[in-house]
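This briefing gathers computed features of one protein model for a computational chemist. It is arranged by topic and opens with a term on which several later points depend.

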Amino acid sequence: MTHAPDPAARTFELADLVNLERFPIGEPASPGYLAAVEFARRGLRSVGCALLEGFVRPEAVHVLNQEVLERKGATHYSTEIINPYFHTTLNPDYPDRHVVNTFLERTSGFIPGDAWDPGCATDTLFRAPEVARLLADCLEIPELHCYDDPLAGLTTNVCDPGQQFTWHFDTNDFAVTVLVQPATHGGVFEYVPDIRSADDEAFEAISSVLDGDHTRVQSLDLRPGDLQIFRGRHSLHRVTRVGAGSCPRHAAIFAYTRQPGVIGRVARTRQLFGRVLPQHEQAEQQRVRSDALLD
C-alpha cells in the first residue's frame, strides 16, 4: 500500500532535522564532527553499538512521529513464532531442544519503504549524503549507499502495546535506527555484543541467553531523537514487550549498504512486509552470500 503524497507537503533542510551544533555533519574536518566519529568508533569497536544522543532535533522528532502516524495504515503487522534466525519450522538436522529449534513469539509491524513520500522529513534524513558519510566514518568504511530495496530501505518498526520483537540476528552487517517514540512501559532494546562470528555460530552461548542467562545482555536507554548504529549481524538483540497500557514504540530504520543497488532477500522481505516485488525476485537469482551463517 503506497501512501498518497501530500501536494502541500513542506520540504526540509538538514538544519531543520539534525542538531548541527552538536553534530556538524556538513563539516567533516571540524572538531565536533571528529569528536562524534571517534566516540561512535569506540562504541562500535568495544560493544558493537554506538549511540549519538539527541542527533535529531526535538521539534523534528515530533515531525517524524507525525509522519509515522499518517502512515500507520500502511503498517504490515505479523505474529510469528521464530528462532533467532527468523526460521519458523523445525530443522531435523538438529536436536529438538537445540537453539535452532527454539522458537519465540515475534509480534510487531513495519511501515514499508514505498509508503514514504520523497522529500518528507524521514526520507530527507535517510537520503542525506552527509548522514551517509558520517555513518561510514563511524563504521570505518570508505562509503555507504542507501539500501536500494523499495520496501526495506527506509522503514519504521512499530511495536504496539503487547507486542515484542524477540531475540534475533540481522541479515545486514549493521543497522541504523532513530527512536521516534519510546514506549512508556517496556519496549527496551537489549543486545549481546558479538555473541557469534562469521566462523562460529556460538549455539551454546545463544541457547544460554534464550534460557534466561542475561549476564552478557546490555540494555540501551534510548530517547527520542537518538541515532543508534548497531552491528546486528553478530549481536543477538531484541525489543522487549511493550506494556499493555503503553503508547506504541516507533523506531525509524535507515538501511545502508557498502555497494549500491542491493536488494533484500525474498524470504525475510515477505516475513516483514507480507509481500515482495519483482525487484526482489530478480535479485534472488543473482545473490551471492557473504557468509555461511544460518541467517
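A residue is called buried when its relative accessible area is under 20%, exposed when that area is over 50%, and partly exposed in between. By that criterion Arg71 is buried, because its relative accessibility is 2%. The model discussed here is a predicted one. Its seven-stranded open sheet, its 17 salt bridges and its lack of disulfides are treated in turn below.

**Sheet and strand pairing**

- The open sheet consists of seven strands in the order β1-β10-β7-β12-β5-β3-β2, and their pairing is antiparallel.
- Strands β1 (49-52) and β2 form the edges, each of them pairing on one side only.
- On average, neighbouring strands of the sheet are turned by 25° against each other, with direction ignored.
- Strands β2 and β3 run antiparallel and are joined by seven bridges.
- His76 has Phe110 in β3 as its bridge partner.

**Helices against the sheet**

- Helix α2 (residues 31-47) packs on the sheet, where it touches β1 and β10 (227-230). The direction of α2 makes about 150° with that of β1.
- Helix α5 (residues 129-139) lies across β1, β7 (175-181) and β10. Relative to β10, helix α5 runs at about 45°.

**Helix α7 and its surroundings**

- Helix α7 is largely enclosed by the rest of the structure, because six of its eight residues are buried.
- The buried residues of α7 are Val266, Arg268, Thr269, Gln271, Leu272 and Phe273.
- The cover over these buried residues includes strands β2, β3 and β5 (154-159), together with helix α8.
- Gly274 follows α7 and has a positive phi, near 75°.

**Salt bridges**

- Side chains of opposite charge can pair when their charged atoms come close. The model holds 17 salt bridges, including the three pairs described next.
- The side chains of Glu80 and Arg106 form a salt bridge with an N to O distance of 3.1 Å. Glu80 lies in strand β2 (residues 76-82) and Arg106 in strand β3 (residues 104-111), so this pair ties together parts that are 26 residues apart in sequence. Both partners are buried: Glu80 has a relative accessibility of 17%, and Arg106 has a relative accessible area of 0%.
- Glu281 and Arg270 meet through their side chains in a salt bridge of 4.0 Å, N to O. Because Glu281 belongs to helix α8 and Arg270 to helix α7 (residues 266-273), the pair ties together parts that are eleven residues apart in sequence. Glu281 is partly exposed, with a relative accessible area of 38%, and Arg270 is likewise partly exposed, at 41%.
- A single network, joined by salt bridges that share partners, contains Arg233, Arg265, Asp291 and Asp295.
- Glu70 and Arg71 also meet in a salt bridge between their side chains, at 3.3 Å from N to O. Glu70 is partly exposed, with a relative accessible area of 48%, whereas Arg71 is buried, at 2% relative accessibility.

**The setting of Asp295**

- Asp295 is found in the segment after α8 (278-286). Its relative accessibility is 14%, so Asp295 counts as buried.
- When residues up to four places away in sequence are not counted, Asp295 touches Tyr85, Phe169, Thr171, Arg196, Arg233, Arg265, Arg268 and Arg289.
- Among these contacts, Arg233 and Arg265 also belong to the salt-bridge network that contains Asp295.
- Arg268, another of the contacts of Asp295, is one of the buried residues of α7.

**Cysteines**

- A disulfide is a covalent bond between the sulfur atoms of two cysteines. The model contains zero disulfides.
- The cysteine sulfur closest to that of Cys120 belongs to Cys146 and is 13 Å away, which is too far for a bond. Cys120 counts as buried, at 7% relative accessibility.
- Cys159 is in no disulfide, and the nearest cysteine sulfur, that of Cys247, is 12 Å away. At 0% relative accessibility, Cys159 is buried.

Terms used:
Residues are numbered from 1 along each chain as its sequence is written. This is a predicted model: local features need pLDDT of at least 70, side-chain atom pairs count only at pLDDT 80 or more; totals for chains, interfaces and linings use all residues. Side-chain values use heavy atoms; hydrogens and water are left out. A disulfide is a pair of cysteine sulfur atoms within 2.5 Å. Buried means under 20% relative accessible area, exposed over 50%, partly exposed in between (1.4 Å probe, protein chains only). Helices (H or I, at least four residues) and strands (E, at least two) are DSSP runs, numbered from the N terminus. Contact means heavy atoms within 4.5 Å. Two strands pair if DSSP finds at least two bridges between them. Axes are lines fitted to C-alpha atoms, for helices over the stretch in contact, and angles run from 0 to 180 degrees between N-to-C directions.
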